[in-house]
Amino acid sequence: MNPKPSPPASTAAALWFKNAVIYELPVRAFSDWNGDGIGDFRGLIDRLDYLQWLGVDCIWLLPFYPSPRRDDGYDIADFAGIDPDYGTLEDFRELLDEAHGRGMRVLADLVLNHTSDQHTWFQQARSSPQSSYRNWYVWSDNAQRYPEARIIFTDTEVSNWTFDPQANAYFWHRFYSHQPDLNFDEPAVREAMIAVVFYWLDMGLDGFRCDAVPYLFEREQTICENLPETHAFLQELRRRVDERYGGDRVLLAEANQWPSDVVRYFGQAANPAGPGGDAAGPEFHMAFHFPLMPRLFMAVRQEARRPIVDIMAQTPPIPENCQWGLFLRNHDELTLEMCTDEERDYMYYEYARDPRMKLNIGIRRRLAPIVDNSRREIELMNVVLFSMPGTPVLYYGDEMGMGDNIYLSDRNGVRTPMQWNVDRNGGFSKAPPEQLYAPLIQNPVYSYQAINIERQFQDSNSLLNWQRALIQLRHKTPLLGWGEIEFLAPANERVLVYLRRLPKTASAAAKAIPGPRCVLMVGNLSRSSQAVELDLSRFMGQVPREMFGGAAFPPIGAGLYQLSLGPYGYYWFELDA
């Protein structure tokens, strides 16, 4: 299948992701149609009306390819197939059609860095030194090469090399030992992975969340991360995707690095000199802002705004046609890789005192349990997330406060079946309970009898309905996806305050967005009520309108503007820029 190149997408269509809300879900955890205890595409199709009602613009699917599932599908055995447990290619095509018919786009995980050791490429590569696939992986006669590269999965791996007795050689892997890294120095590998991208985009997929992109190449005397060769390949990938599809497909980078390194993944506009000083082109449309996530939790527990303000001060500007991806929690552990040792120890002490809550360099818990099911904290953290520069990503079930199961292995404790109602298996499946791919949450606080979509749908004061209202407000305020951020510094350190507005250098497309031209966010990070005085004299004479309830507040005068906030209270105010 080789479609004709698409015409260039309009600015509005191409930049849809800047004002989107993305919903992340594992297919196997969402809804089981055929009653075998495992979620599938038919079940997901049946629940699309719910996602449309919630207001999400884009669904991000975790890996659904054939896999031994030793790493929940990130160990891919066939890049061009559908795991039979989830359905067929026809089911997948129907999902795309049904989602698009509801105005929603679909992203899928793309694992560029590695395959399963069960993939036919690796099986052929290990079979003989003369195999045409031998050079598709990274081999060595010893385990001493690239000693500066860190071990990522510190709880399970002692080396980035594993000896394969069939090949009589060591193979390189940055993650689990059953996930050999592809050799991107081999041109055939690069072409094969671009062919995988074309295969799914030709089918109508709207883009990819690209897994583990910093690790594609290896070089001696480096940490084997963020190398110039990696950027060069990703620029080539972006160029060819844009040429083939006209610029309306999106690539989102998973690069768990410091912001100064991540901005290089946006490409030329962010770094005109290019990686390593070479000429560069655009790379990713979006990239996750990993270091912000733990600092949101730090700020709330420390009752101080400094962690948030400091990490945003370390975040360089990015091109207007790019975007940060922001999240509170996702399918992995709450990663602490981009934290200092002192910050990491603090996070473990505050949020993971039970050793079972820790994994690798992170905390494997969902949003609600990690904040002790505090509705006020959940709301505040979402309000901050949804008003930061970037596109919010919501993890399935967090919209209603789902719990986790720290007694399940690996990261599976945050990947339990979706809780739809009080029927058998929480409405997830009609299979016998013991047949489910994972047990439902039994904790009385978080069980499906207590926490489910149907119950919260019927309760106008539920977290679910509040989350939906927040999504609607975010859509009415596209400025939040386009504007710059300016932090204010009131004397009360427990109150986080910032302005969101368009920069003077904004493009015509940015200036044409509807809605407010300036938003003032005020949030109380403390468990007790707080008062704050703000210097808003530049807005003198204006009447702030509180955006959640629509109430008009007293006019702004020449003096300090006084506000009071309850525990974890928050405001969004609309102002004239």
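**Figure 1. Helices α14 and α16 are roughly parallel to each other in this predicted model**. The angle between helix α14 (residues 375-387) and helix α16 (residues 463-475) is about 15°, and angles under 35 degrees count as roughly parallel, which is why the pair earns that description. Their axes lie 11 Å apart, and the crossing of the two helices is right-handed. If you would like to pick out the contact, select R375, I378, E379, N382, V383 and F386 on the α14 side, then L463, W466, Q467, L470, I471 and R474 on the α16 side. Sorted by class, this α14 with α16 contact comprises seven nonpolar, two polar and three charged residues.

**Figure 2. R376 of helix α14 meets a partner from far along the chain, 191 residues away in sequence**. Staying with α14, this close-up turns to R376, which is found in that helix. Which residues does R376 touch, once those up to four places away in sequence are not counted? They are P567 and Y568. For R376 and P567, the C-alpha to C-alpha separation in space is 7.6 Å.

**Figure 3. The second largest cavity takes part of its lining from helix α14 and strand β14**. Here we have a volume of about 60 Å³. The residues around this cavity are L328, R329, L367, N382, L385, V393, L394, Y395 and D398. At least two of the lining residues come from α14, and at least two from β14 (391-395); β14 gives the most, with three residues. N382 may look familiar: it belongs to this lining and also to the α14 side of the contact with α16. By class, the lining of the second largest cavity has six nonpolar residues, one polar and two charged.

**Figure 4. The largest cavity has a volume of about 370 Å³**. It belongs to a set of three cavities of 30 Å³ or more in the structure. How many residues line the largest cavity? There are 28, and those that lie nearest its centre are F153, F175, E254, D332 and R411. If you are thinking about the chemistry of the walls, the class count for this lining is 12 nonpolar, seven polar and nine charged residues.

**Figure 5. The largest pocket has a volume of about 440 Å³**. Its lining is made of 23 residues, with P317, I318, P389, G483 and E484 nearest the centre. Two or more lining residues come from each of β10 (323-327), α17 (479-482) and β15 (484-487). Which element supplies the largest share of the lining? That is α17, with three residues. Nonpolar residues number 13 in the lining of this pocket, alongside six polar and four charged ones.

**Figure 6. Helices α10 and α12 pack at an angle of about 65°**. This last close-up shows helix α10 (residues 292-302) with helix α12 (residues 341-351), their axes 11 Å apart. Is the crossing left-handed or right-handed? α10 passes α12 in a left-handed crossing. On α10, the contact residues are P294, R295, F297, M298, R301 and Q302; on α12, they are E343, Y346, M347, E350 and Y351. The contact of α10 with α12 has six nonpolar residues, one polar and four charged.

How values were computed
Residues are numbered from 1 along each chain as its sequence is written. This is a predicted model: local features need pLDDT of at least 70, side-chain atom pairs count only at pLDDT 80 or more; totals for chains, interfaces and linings use all residues. Side-chain values use heavy atoms; hydrogens and water are left out. On a 1 Å grid over the protein atoms alone, a cavity is a set of points where a 1.4 Å probe fits but cannot get out, and a pocket is an open set with protein on both sides within 12 Å along at least five of seven lines; lining residues have an atom within 4 Å of a point. Grid points are joined across faces, edges and corners, and a volume is the space filled by probe spheres set on the points. Helices (H or I, at least four residues) and strands (E, at least two) are DSSP runs, numbered from the N terminus. Ala, Val, Leu, Ile, Met, Phe, Trp, Tyr, Cys and Pro count as nonpolar, Asp, Glu, Lys and Arg as charged, and the others, Gly among them, as polar. Axes are lines fitted to C-alpha atoms, for helices over the stretch in contact, and angles run from 0 to 180 degrees between N-to-C directions. Angles under 35 degrees count as roughly parallel, over 145 as roughly antiparallel, 65 to 115 as roughly perpendicular and the rest as oblique. A crossing is left-handed if the near helix is turned anticlockwise from the far one by less than a right angle, and right-handed if clockwise. Contact means heavy atoms within 4.5 Å.
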